[in-house]
Amino acid sequence: MKKNLLILISLVVLFSASSCKNDENKKGENDKFHSSEYKFKVSFPGNPSIEKEQEPLEGFFVQTFLYELNDKGYMIVGGRMNDLYVEIFKGEEAALASNIRDATLQELNGTLTKQENKDFKGSPANFYDAEGFFEGVNFNIKGVNLIKGNYIYVLIVFRKDAEVEEKDYKDFINSFEVVQ
């Protein structure tokens with residue numbers, strides 16, 4: 001049961017990222033984008049497009065925030081779980097983060113080239129690099145998936161036909177903060 005739920009939540013988070021549209025953009029202090037619903041702030045290089053929030057499973061909501069410019073992209077997929085899901089996955093946050101990564105890479109025909117489970121700003125996280133081919137384009141990804149309380153965060157920097165620049169990646173993920 002728990003494994004099936006892990007897979008289902010992983011796929012739900014992934015498919016929420018498939019189509020973003022422009023919506024309201026909230027910039028906060030120091031030009032950081034702020035999502036009060038998903039309780040985070042981050043420095044996108046510009047105003048992200050925001051997908052309308054979805055509830056694909058009762059008590060589980062997802063929303064995607066994406067900024068693309070030319071061959072570079074910066075994305076956060078936020079998942080918000082009710083207390084039942086939090087209790088089910090208690091102690092297995094790293095496994096959930098890894099399963100979300102694997103589902104993402106499977107959908108994108110991606111290959112994991114590097115991965116590490118470690119703490120990120122006080123939460124279990126999965127850091128990874130990947131490469132793949134999607135919709136006729138080669139791409140490279142650097143990502144971090146983390147779980148913080150009732151929230152799942154998928155932070156991705158990608159680049160088409162080139163390596164992700166380490167500075168772009170570090171600037172983006174280091175600007176990320178969970179807020180109350």
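**Reading cores, sheets and loops**

Analyst: In this predicted model, the largest nonpolar core has 24 residues, and Phe40, Phe44, Ile76, Phe172 and Phe176 touch the most other members.

User: Which elements supply at least two residues each of this core?

Analyst: Strand 2, strand 5 (60–69), strand 6 (72–81), strand 8, strand 9, strand 10 (151–160) and helix 4 (166–175) do. Strand 10 gives the largest share, four residues. Apart from this core lies another, of 22 residues, including Leu66, Leu108, Phe139 and Ile147.

User: What is phenylalanine 172 in contact with, leaving aside its neighbours within four places in sequence?

Analyst: For phenylalanine 172, the list is Val42, Ser43, Phe44, Tyr74, Met75, Ile76, Leu155, Ile156 and Val157.

User: Now the sheets. In what order do the three strands of the open sheet run?

Analyst: The order is 1-2-11, with antiparallel pairing. Strand 1 (33–35) and strand 11 (177–178) each have a single partner strand, so one side of each has no neighbour in the sheet. Strand 1 pairs with strand 2 (residues 40–42) over three bridges. Serine 35, for example, has phenylalanine 40 in strand 2 as its bridge partner; that phenylalanine is also among the core residues that touch the most other members.

User: Finally, a loop residue: is glutamate 135 buried or exposed?

Analyst: A residue counts as exposed when its relative accessible area is over 50%. Glutamate 135 is exposed because its relative accessibility is 71%. Glutamate 135 sits in the loop between strand 8 (123–134) and strand 9 (137–148).

User: How far apart in space are glutamate 135 and asparagine 109?

Analyst: Their C-alpha atoms are 9.9 Å apart, while 26 residues separate glutamate 135 and asparagine 109 in sequence.

Key. Residues are numbered from 1 along each chain as its sequence is written. This is a predicted model: local features need pLDDT of at least 70, side-chain atom pairs count only at pLDDT 80 or more; totals for chains, interfaces and linings use all residues. Side-chain values use heavy atoms; hydrogens and water are left out. Buried means under 20% relative accessible area, exposed over 50%, partly exposed in between (1.4 Å probe, protein chains only). Two strands pair if DSSP finds at least two bridges between them. A nonpolar core is a set of buried Ala, Val, Leu, Ile, Met, Phe, Trp, Tyr and Cys residues joined through side-chain atoms within 4.5 Å. Contact means heavy atoms within 4.5 Å.
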